Amino acid sequence: MDEDTAELRNPFPSPPSHYTKYTNHNLKLLATLKARSADGANLSQHEVLKDQNDVPEWPLTQLEKPRVDWILEEPDAYYEVFGDRWFVKENIPSLAELGGNQLYPSDPTIDRRPALRSVLRSLLVTYSSLTASLLAPPPISADVPPEWQRHVEWINVLSQNLMAAANDLRPVQARGNLESMMNRQLELRREETKNLHQKCDSLDVKLEELRAAAKKMLRDSQMVKHDVNFQCLSQI
């Protein structure tokens with residue numbers, strides 16, 4: 001069992017051992033079994049396929065594709081890949097669901113900025129109080145916790161709220177980063193297209209100059225040939 005688990009978690013796992021069962025013959029047997037079992041008769045596959053050759057001992061229904069609709073019907077639908085469990089609908093638990101003291105509204109449609117500003121101001125005030133409490137003398141009784149300990153615990157709660165609120169914004173940040181990357185790629189392609197058009201225009205101008213030069217050279221050569229012929233005729 002440990003070897004199977006280690007193989008599933010391998011970044012490049014070997015094919016599953018049952019991949020050899022997916023032969024053309026077995027797939028044809030599966031199709032025949034499904035066609036003959038459509039009438040609802042409760043018979044074994046050997047009875048249904050008694051006229052077929054090489055019917056395997058293991059059930060042919062193992063070759064059927066997994067039913068995705070069955071997975072989606074579950075309240076917490078998930079699937080496993082290489083030994084890891086992945087949920088179909090990714091749900092990020094809130095700080096309150098994780099057992100923390102949440103100080104901002106859980107509903108994402110409500111503006112959280114006023115609550116987060118209050119958390120930030122409380123964090124600054126508590127930090128100032130913490131620095132002042134460090135200069136205070138220790139408590140007389142050991143049963144009474146020092147004042148700085150209460151400030152540290154409250155700072156911990158406030159920091160958890162700030163981090164949880166920042167983590168809730170990660171999907172929005174990811175969408176914004178993706179949009180920026182796509183816009184940048186679009187700008188680069190437009191610049192490359194513009195440079196290609198400019199290069200094509202410059203090549204067209206050079207080709208026109210070459211054509212004009214070639215035509216001029218042709219006319220000059222024809223004129224020279226005509227003059228030479230005229231001189232020869234005049235001498236005769």
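How many helices and strands are there in the protein? Colour your view by secondary structure and count along: there are seven helices and two strands. Keep in mind as you go that this is a predicted model.

**Stop 1: the whole chain**

Start with everything shown. Reading along the sequence, you meet the elements in the pattern α-α-α-α-β-β-α-α-α. Now switch on a surface if you like: of the 236 residues in the protein, 13% are buried. What about contacts between residues at least 6 apart in sequence? Of these, 50% join residues at least 24 apart.

**Stop 2: the end of helix H2**

Select helix H2, residues 24-36, and click on Arg36, which lies in this helix. Is Arg36 buried, exposed or partly exposed? Its relative accessible area is 33%, so Arg36 counts as partly exposed.

Next, show what surrounds Arg36. Setting aside neighbours within four places in sequence, you should find Arg36 in contact with Val48, Leu49, Asp51 and Gln52. Try the distance tool on one of these: Arg36 and Leu49 are 13 residues apart along the chain, and their C-alpha atoms are separated by 8.7 Å.

**Stop 3: the loop between H3 and H4**

Move on to the loop that runs between helix H3 (45-48) and helix H4 (68-73), and pick out Pro56 there. Asp54 is found in this loop between H3 and H4 too. Select both and look at them one at a time.

Take Asp54 to begin with. It is exposed, with a relative accessible area of 65%. Check its backbone as well: phi of Asp54 is near 55 degrees, which is a positive value in a residue other than glycine.

Now for Pro56. Is Pro56 buried or exposed? Pro56 has 11% relative accessibility, and the cut-off for buried is under 20%, so Pro56 counts as buried. Show its partners and you'll see Asn26, Leu29, Gln45 and His46 in contact with Pro56, leaving aside neighbours within four places in sequence. Pro56 and Leu29 sit 27 residues apart along the chain, and their C-alpha atoms are separated by 9.5 Å.

**Stop 4: H5 against H6**

Hide the rest and show just helix H5 (residues 113-133) and helix H6 (residues 147-168). How do they meet? Their axes come within 9 Å and cross at roughly 155 degrees. An angle over 145 degrees counts as roughly antiparallel, and H5 and H6 are therefore roughly antiparallel to each other. The crossing of H5 past H6 is left-handed.

Turn on side chains where the two helices touch. From H5, the residues making the contact include Leu116, Val119, Leu123, Thr126 and Leu130. From H6, look for residues including Trp148, His151, Ile155, Leu158 and Leu162. Colour the contact by residue class and you get 12 nonpolar, seven polar and one charged residues.

**Stop 5: two residues on H5**

Stay on helix H5 and zoom in on Thr126, which is found there. With a relative accessible area of 7%, Thr126 is buried. Which residues does Thr126 touch, not counting residues up to four places away in sequence? The answer is His151, Trp154, Ile155 and Leu158.

Then slide along to Ala132, also found in helix H5. Ala132 is partly exposed, with a relative accessible area of 48%. Draw a C-alpha to C-alpha line from Ala132 to Glu147: the two are 15 residues apart in sequence and 9.8 Å apart in space.

**Stop 6: along H6**

Finish with helix H6 on its own. Run the distance tool from its first C-alpha to its last: H6 has 22 residues and reaches 32 Å, close to the 32 Å expected at 1.5 Å a residue.

Which residues of H6 are buried? Select His151, Ile155, Val157, Leu158, Asn161, Ala164 and Ala165. Now bring H5 back into view, as H5 is included in what covers the buried residues of H6.

Terms used:
Residues numbered from 1 in each chain as written. Predicted model: local features only at pLDDT ≥ 70, side-chain atom pairs only at ≥ 80, totals over all residues. Heavy atoms only, no water. Helix = DSSP H or I, 4+ residues; strand = E, 2+ residues; numbered from the N terminus. Buried < 20%, exposed > 50% of the residue type's maximum accessible area, 1.4 Å probe, protein only. Contact = heavy atoms within 4.5 Å. Axes fitted to C-alpha atoms, helices over the stretch in contact; angles between N-to-C directions. Parallel < 35°, antiparallel > 145°, perpendicular 65-115°, else oblique. Left-handed = near helix turned anticlockwise from the far one by under 90°. Nonpolar A, V, L, I, M, F, W, Y, C, P; charged D, E, K, R; others polar. Expected span 1.5 Å × (residues − 1).
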